Amino acid sequence: MNVFADEKYYLDHSSFSIQRLRRTGYNTMPRPHTHTFYELYYLLQGERIYFMNGKVYTAQKGDLVLVRPGDLHSTSSSQVKVVERVLVHFSPDFLREADRSLLELPAFGESALLHFPIKEQSELERLLLSMLAECKEQPPLYKSFVRQLLVELLIRIHRSAPSASNRGQFRHPMHEKVSEIASFIHTHYKETLTLEQLSRLYYISPAYLSRVFLKLTGFHLSEYIRVVRVREAQSLLRLTNSKVQMIAEQVGFEHVTHFNKTFKTIAGCEIKPGDGGEQPPTSPAKSRSASAKSR
């Protein structure tokens, strides 16, 4: 695998970052993860598979993937081996206070893949490459200009989102099938779920389902079931005063000791009613650099 990457630029104590990268060869993200900032992934060339909140998306040239804070996601290669992208991470704090309300608009209400018309693609690329040039050359007031360019980018995303939405379109039958299975897990996580049961339900051999699910999502199927259960438990711990044993039963664990052990493994912390253990399945502090390069 060959990787040609520009320097990754950080502004305002890492509340904004941007990087352009070109890669040849197969690659997958080290681990599915969440983070506390917004992610904008724009594909200049090639194809990339995204798994976000139980759905498989195929990003192609001119597509922009929007990932909201806290949403679980991973990426992997498709059959197209040459990929070039610009990756932007930013937190609301990077924006001026008056501009933060942009993130409350419907376009930013959920993670999504957006496909833009050719004319709009050229404008998005102009904005992204201008940000990169400003960060690289650092002319006077470059930080303010980058902030202004980001605001223009967000406005263009908002204006185009209704017609640019690519949700529900699948490039490969197995992408749709894995999305259906992930959706089934999100709906039935309280029940007993096994690889064999799901393979029978969706008419796929256990070995093939195991292999393709891992390839497209970054998770072993049994691991994904545990992650869905633990993330639901985190929500219940934050929003209710229920006892841990009751929450364990509500999310599909038969024994509270197994729940406690699984929670610590996936969330990265002990169970703490009231705050839900906000650590993601993979700690951003440890995987931030590796995951950014893998995309």
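Q: In this predicted model, where is Thr-194 found?
A: The model is a predicted one. Thr-194 belongs to a loop that comes before α4 (195-201). The other helix bordering this segment is α3, so that, with helices numbered from the N terminus, the place of Thr-194 is the loop between α3 and α4.

Q: Is Thr-194 buried, partly exposed or exposed?
A: The relative accessibility of Thr-194 is 32%. Buried would require under 20% and exposed over 50%, with partly exposed in between. Thr-194 therefore counts as partly exposed.

Q: What distance separates the C-alpha atoms of Thr-194 and Ser-222?
A: Along the chain, Thr-194 and Ser-222 are 28 residues apart. In space, the separation of their C-alpha atoms is 7.0 Å.

Q: Are α3 and α5 roughly parallel or roughly perpendicular to each other?
A: Helix α3 covers residues 173-188 and helix α5 covers residues 206-217. Their axes come within 10 Å and cross at roughly 90°. Angles of 65 to 115 degrees count as roughly perpendicular. The relation of α3 to α5 is therefore roughly perpendicular.

Q: How many of the residues in the contact of α3 with α5 are nonpolar?
A: From α3, the contact involves Met-174, His-175, Val-178 and Ile-181. These meet Tyr-208, Leu-209, Val-212, Phe-213, Leu-216 and Thr-217 in α5. Two of the contact residues are polar and none is charged, while the number of nonpolar residues is eight.

Q: Which geometry, edge-to-face or tilted, describes the ring pair of Tyr-41 and Tyr-50?
A: The structure holds nine aromatic pairs. In the pair of Tyr-41 and Tyr-50, the ring centres are 5.3 Å apart and the planes stand at 75°. Planes over 60 degrees apart count as edge-to-face. The geometry of Tyr-41 and Tyr-50 is therefore edge-to-face.

Q: Which geometry describes the rings of Phe-219 and Tyr-224?
A: The centres of the Phe-219 and Tyr-224 rings lie 5.4 Å apart. Their planes are at 50°, so the pair is tilted.

Q: Are Phe-219 and Tyr-224 buried or exposed?
A: Phe-219 and Tyr-224 belong to a cluster linked by ring pairs, together with Phe-51 and Phe-213. As to accessibility, Phe-219 and Tyr-224 are each buried.

Q: Over the face of which residue does Arg-147 lie?
A: The distance from Arg-147 to the ring centre is 4.5 Å. A charge sits over a ring when, among other conditions, CZ of Arg is within 6 Å of the ring centre. The residue whose face lies under Arg-147 is Phe-94.

Q: Is Leu-141 buried or exposed?
A: Leu-141 is located in the loop between α1 (118-137) and α2 (142-164). Although not a glycine, Leu-141 has a positive phi of about 60°. Most residues other than glycine have a negative phi. With a relative accessible area of 69%, Leu-141 is exposed.

Q: What is the relative accessible area of Asp-12?
A: Asp-12 sits in the loop between β2 (9-11) and β3 (16-24). Asp-12 also has a positive phi, about 50°, without being a glycine. Asp-12 counts as partly exposed because its relative accessible area is 27%.

Q: What percentage of the residues of the protein chain count as buried?
A: The protein chain has nine helices and ten strands. Of its 295 residues, the share that count as buried is 50%.

Definitions and conventions. Residues are numbered from 1 along each chain as its sequence is written. This is a predicted model: local features need pLDDT of at least 70, side-chain atom pairs count only at pLDDT 80 or more; totals for chains, interfaces and linings use all residues. Side-chain values use heavy atoms; hydrogens and water are left out. Axes are lines fitted to C-alpha atoms, for helices over the stretch in contact, and angles run from 0 to 180 degrees between N-to-C directions. Helices (H or I, at least four residues) and strands (E, at least two) are DSSP runs, numbered from the N terminus. Angles under 35 degrees count as roughly parallel, over 145 as roughly antiparallel, 65 to 115 as roughly perpendicular and the rest as oblique. Contact means heavy atoms within 4.5 Å. Ala, Val, Leu, Ile, Met, Phe, Trp, Tyr, Cys and Pro count as nonpolar, Asp, Glu, Lys and Arg as charged, and the others, Gly among them, as polar. Rings of Phe, Tyr and Trp (its six-membered ring) pair if their centres lie within 6.5 Å; planes under 30 degrees apart count as stacked, over 60 as edge-to-face and the rest as tilted. Buried means under 20% relative accessible area, exposed over 50%, partly exposed in between (1.4 Å probe, protein chains only). A charge sits over a ring if NZ of Lys or CZ of Arg is within 6 Å of the ring centre and within 35 degrees of the ring normal.
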